[in-house]
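Student: I am new to this structure and would like a close look at a single part. Could you pick one strand and walk me through its surroundings?

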Amino acid sequence: MLKYFFIFAFLIPFLYKAQVSKKQAVTYDVVHLRDGKILYGKMIALDGNYVLTFKDEFNRMYYLSKEMYEYIEEDVTFQKRVRNIDTLLRARKVDEFDFHVGINAMMVGIDAGFVPDEYYVTSNSYGTFYEIPTCLNVGVGKYFRQQHYAGIEMNLKAFGGPNSFQHAALQYRFQYDPMKTNVARYIPLTLGYQKLTTTETFQVPDQTLPPFPSYVEKNFDVSVKSITLGLGHGWSFMAKDKHYWDLEVQVYKGIKVSHTLITNELNNPALNYQTQGAQVKFGFHF
């Protein structure tokens, strides 16, 4: 009895390995490229100019002119070692539309650029001040040849941060990972429009108490608008049916900033607003 126990214990690793990984007959179309590389997958189309549309074994799409490949072999059978179904690569979007919803934690940097004068002596906001709104993030876009994505998104303040805050952006993504895992890596580039309102406080002389120097505070609501340029990095975690979760970090800079003081004063403070910031986004794409 003990002998059979040791035999069974000896076989356990091999039985486990057989379940985790086993050989299976697979059939591929094979493309031999002129640079020596070989692609395995499925030939999608071949037009009259011999331009080949090809999807490889990792669901990557290729568009190959006749100068890029030597010849094609169809329906070639191989013995390939495969893993259990729950560890196989999940399909990614290639040319489909994409919709997403999530949350965005912003860190909005605002520099009023205040310059003191005879009337407005000091301000409560020297240098860059950071507000931290949490926003609802929604967007829509489309993939092109799997690696490229173009879309538009909107961030609407949910709580925290300035008095009001909105940020809309055009977004381009380049997916650069080798597509051999269920985690995609990409570089996002955004061109955005940001609008916020905030309150600025200034100290001015109190003309009712001469000759002793005395100051009172004046508060102004300010509307700040800016064109922003952003760059970052993102990770997509693939789920079923080409859905996925997204985590993205990004920094941005205001490249054109304007402001409007909401006041009836005849004499306004000298301001030169600048904006910058960062954001962390988490969302679900479907």
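Tutor: Happy to! Let's begin with a term: two strands are said to pair if DSSP finds at least two bridges between them. With that in hand, we can look at strand β11, keeping in mind that this is a predicted model.

Let's start with the strand's neighbours. β11 pairs with strand β12 (residues 183-205) in the antiparallel sense, over 12 bridges. One example to find on screen is H167, whose bridge partner in β12 is Q194. Strand β10 (residues 148-159) also runs antiparallel to β11, and nine bridges join the two. Here you can look for H148, which has F174 of β11 as its bridge partner. β10 and β11 form a hairpin with four residues between the strands, and in this hairpin G160 takes a positive phi near 80°.

Now for the side chains. In a regular strand they alternate between the two faces of the sheet. β11, which covers residues 164-175, shows this alternation. F165, H167, A169, Q171, R173 and Q175 point to one face and are buried. S164, Q166, A168, L170, Y172 and F174 point to the other face and are not buried.

From the buried face, let's follow R173. R173 counts as buried because its relative accessible area is 4%, while the cut-off for being buried is under 20%. What does R173 form with D246? The two make a salt bridge, with the closest N and O atoms 2.9 Å apart. This pair links distant parts of the chain, since R173 sits in strand β11 and D246 in strand β14, 73 residues apart. D246 is buried as well, because its relative accessible area is also 4%.

R173 has another partner in E248: their side chains meet in a salt bridge at 3.8 Å, N to O. E248 lies in strand β14 and R173 in β11, so this pair ties together parts that are 75 residues apart in sequence. Both R173 and E248 are buried. Salt bridges with shared partners join E153, R173, D246, E248 and K281 into one network.

Two members of that network lead us to a cavity. The structure holds four cavities of 30 Å³ or more, and the largest has a volume of about 80 Å³. Among the 13 residues lining the largest cavity, those closest to its centre are N137, D246, K281, G283 and H285. The elements that give two or more residues to this lining are β6 (97-111), β14 (244-262) and β15 (274-285). β15 gives the most, with four residues. Sorted by class, the lining has four nonpolar, five polar and four charged residues.

Let's finish with H148, the β10 residue we met as the bridge partner of F174. H148 is one of the residues that line the second largest pocket. About 190 Å³ of space lies in this pocket, and its lining also includes R60, M61, Y62, R145, Q146 and Q147. Y176, D177, P178 and M179 line the pocket too. By class, the lining of this pocket has five nonpolar, three polar and three charged residues.

For a wider view of the charged pairs, a search of the whole structure finds eight salt bridges. One of them joins K93 and D98, whose closest N and O atoms are 3.0 Å apart, and both of these residues are buried.

Note on methods: Residues numbered from 1 in each chain as written. Predicted model: local features only at pLDDT ≥ 70, side-chain atom pairs only at ≥ 80, totals over all residues. Heavy atoms only, no water. 1 Å grid on protein atoms, 1.4 Å probe; cavity = no way out; pocket = protein on both sides within 12 Å on 5 of 7 lines; lining within 4 Å. Points joined across faces, edges and corners; volume = space filled by probe spheres on them. Nonpolar A, V, L, I, M, F, W, Y, C, P; charged D, E, K, R; others polar. Buried < 20%, exposed > 50% of the residue type's maximum accessible area, 1.4 Å probe, protein only. Salt bridge = Lys/Arg side-chain N within 4 Å of Asp/Glu carboxyl O.
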